[in-house]
Amino acid sequence: MGKPTPGPWVLGKQHKSRVEIGSKDHSWTDLARVVTIMSDGHMSAEGLANARLIAAAPDLLAALEAMIPEGWDDGAMDHMPGIKQARAAIAKARGEA
């Protein structure tokens with residue numbers, strides 16, 4: 001499996017009917033488009049919310065991985081709220097689920 005475009009991702013160009021999400025290079029000058037959220041006519045509040053969530057994805061994954069390092073406690077903490085969900089989200093993001 002390939003690796004995703006490195007973050008951070010940001011909302012880029014916003015038009016009436018689309019929002020581009022991309023990753024900036026180290027000089028923060030060029031936006032490498034990751035995805036474009038399209039809508040008919042005008043961008044809906046839902047479309048913009050989806051774009052913000054997608055843009056946050058690399059940061060969310062990094063936060064989960066920092067909280068639950070690979071191989072950490074072999075499931076002994078799975079009884080704690082959210083731990084199973086966090087492990088499942090990490091697996092899904094890595095294409096393992």
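Which residues are buried in helix H2 (residues 83-93)? Keep that in mind as we walk through this predicted model.

**Start with the whole chain.** Colour the chain by secondary structure, and you should find two helices and three strands. Following the sequence from its start, the order is β-β-β-α-α. There are 97 residues in the chain, and 18% of them are buried. Now show the surface: the chain exposes about 6900 Å², with 57% of that supplied by carbon and sulfur atoms.

**Next, select strand S3.** This strand covers residues 31-38, and Val 35 is found in it. Is Val 35 buried, exposed or partly exposed? Val 35 counts as partly exposed, because its relative accessibility is 28%, while buried would mean under 20% and exposed over 50%. Show what touches Val 35: beyond its neighbours within four places in sequence, Val 35 is in contact with Val 19, Glu 20, Ile 21 and Ile 54. Try a distance label too: from C-alpha to C-alpha, Val 35 and Ser 23 lie 10.0 Å apart, with their positions twelve residues apart in sequence.

**Now go to helix H2.** Here is the reply to our opening question: select Ile 83, Ala 86, Ile 90 and Ala 91, the buried residues. Look down the axis of H2: these buried residues fall within an arc of 135°, so they line one face of the helix. Turn to the other side of H2 and select Lys 84, Gln 85 and Lys 92, which are exposed. Then add helix H1 (45-67), which is part of what covers the buried residues of H2.

**Last stop.** Just after H2, click on Gly 95, where phi is positive, at about 75°.

Methods: Residues are numbered from 1 along each chain as its sequence is written. This is a predicted model: local features need pLDDT of at least 70, side-chain atom pairs count only at pLDDT 80 or more; totals for chains, interfaces and linings use all residues. Side-chain values use heavy atoms; hydrogens and water are left out. Helices (H or I, at least four residues) and strands (E, at least two) are DSSP runs, numbered from the N terminus. Buried means under 20% relative accessible area, exposed over 50%, partly exposed in between (1.4 Å probe, protein chains only). Accessible areas come from the Shrake-Rupley method with a 1.4 Å probe; for residues, only the protein chains shown count as cover. Contact means heavy atoms within 4.5 Å. The arc is that of the directions from the helix axis to the C-beta atoms.
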